[in-house]
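Thanks for sharing this one with me. I have put together a few notes that you may like to read with the viewer open.

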Amino acid sequence: MPEKIDFKEKLYFLIFHKWKYIIAVLWSKFYKKSADKTIKKVVYVAREKDKDWIFGAKVRRLSRYSSLDTETYYHNKLRDLPDADAYYYIYQNYFCRCIRSTPNILNKKNVVMFTHPNWSKKYSKVHVVWCLNKADYVICLNSEIKTYLISIGVKPSILRVIHMGTSSSFFYKHERGAGDVGFCSSFHPRKNPDLIFGLVKNMPHREFYLIGRNWENYDRFEELSVLPNFTYYNNVSYKSYPDLYNRIDVFVSPSLLEGGPVPVLEAMMSNCVSVASRTGFCPDIITHGENGFLFDVEANYKEVVELIEKAFLLKTDVRETVLSYTWENCSKKIDDLFLN
């Protein structure tokens, strides 16, 4: 059933933003369209500040394994895009911004990855849905996201479910036995920080590592940071991730809402047992009790503590269960969207 759109939200978009897109659409009409529809060159778009974070790693790897002529392009204001036959946007809001900055992209093929709902006053549902319907394809990281996007007005014909990948060579297998627990995310309320705090505080016999950034913004970070069994790896280079994952046996993903999350795949590719909330693609790649454990997003720390202890007893070769989720396979599926 279609979701009702707030009238004020619609009015705000109409007054402050939609006219910018109308101008962009009109400008796009003045650019000469190529008669040759063959897709040869594709630009993967991200921001400069994404380079050393997960978004930057995604565009580099997806473009590297593409069979097409590809280029990764980073620009914090998402302007001056290189000329190409097609474009891939690692985040839905980037596509919105690029329509305004480079209207000519509307004459090209555009594939947009929708990570998860992240509405704001500026990038509201009305705003983003209007833009997504200008794309050729929108990649949903799981089937739940696809259903949701249809309910808010995105055309079903442009939606495709593609689970994101990771590297089977960059992330290498390690033998579990160190006995440590890890998390990986930037700070945001949807990352369920209070559950992380509860786990660290109530499992003093386990060492915890948090790989991330901006956790200083968590209102209980000072309490968390002084706990003797907690280590924070603040804004470290992505190159260090494999070694950090290999220090842990159990990876916990406590998020309330996700599209992926890719760190779960990275950890599982490193042979860590994942204990994850039932969001994003976690229910698709984790079989409860076999290669990891799942818990409801409303679970309290006591329920998750029990699953973490069970995870330490699991003997499964977790890496073997996710070897099909590679950048190579993911990139091939994206190539198919550009070529069809």
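The points below go through the sheet, the helices on it and the cysteines.

1. Please keep in mind that this is a predicted model. Its open sheet has six strands in the order β2-β1-β3-β4-β5-β6, and the pairing is parallel. The edges belong to β2 (69-74) and β6 (159-161); each has a single partner strand, so one side of each lacks a neighbour in the sheet. From one strand to the next, the twist averages 20°.

2. For a closer look inside the sheet, try β4 and β5. Strand β4 covers residues 109-114 and strand β5 residues 137-140, and four bridges join them in the parallel sense. Phe114 stands opposite Cys140 in β5.

3. Two helices are worth finding next. Helix α5 (residues 143-151) lies across β4, β5 and β6, and runs at about 165° to β6. Helix α12 (residues 327-339) also packs on the sheet, where it touches β1 (41-46), β3 (86-89), β4, β5 and β6. The direction of α12 makes about 145° with that of β4.

4. How many disulfides does the structure hold? The count is zero. For Cys98, the nearest cysteine sulfur is that of Cys96, 9.3 Å away. Cys98 has 0% relative accessibility, so it counts as buried.

5. Cys140, met above opposite Phe114, is worth a second visit. Why does Cys140 form no bond with Cys330? The sulfur of Cys330 is the closest cysteine sulfur to that of Cys140, but at 13 Å it is too far for a bond. Cys140 is also buried, with a relative accessible area of 0%.

Terms used. Residues are numbered from 1 along each chain as its sequence is written. This is a predicted model: local features need pLDDT of at least 70, side-chain atom pairs count only at pLDDT 80 or more; totals for chains, interfaces and linings use all residues. Side-chain values use heavy atoms; hydrogens and water are left out. Two strands pair if DSSP finds at least two bridges between them. Axes are lines fitted to C-alpha atoms, for helices over the stretch in contact, and angles run from 0 to 180 degrees between N-to-C directions. Contact means heavy atoms within 4.5 Å. A disulfide is a pair of cysteine sulfur atoms within 2.5 Å. Buried means under 20% relative accessible area, exposed over 50%, partly exposed in between (1.4 Å probe, protein chains only).
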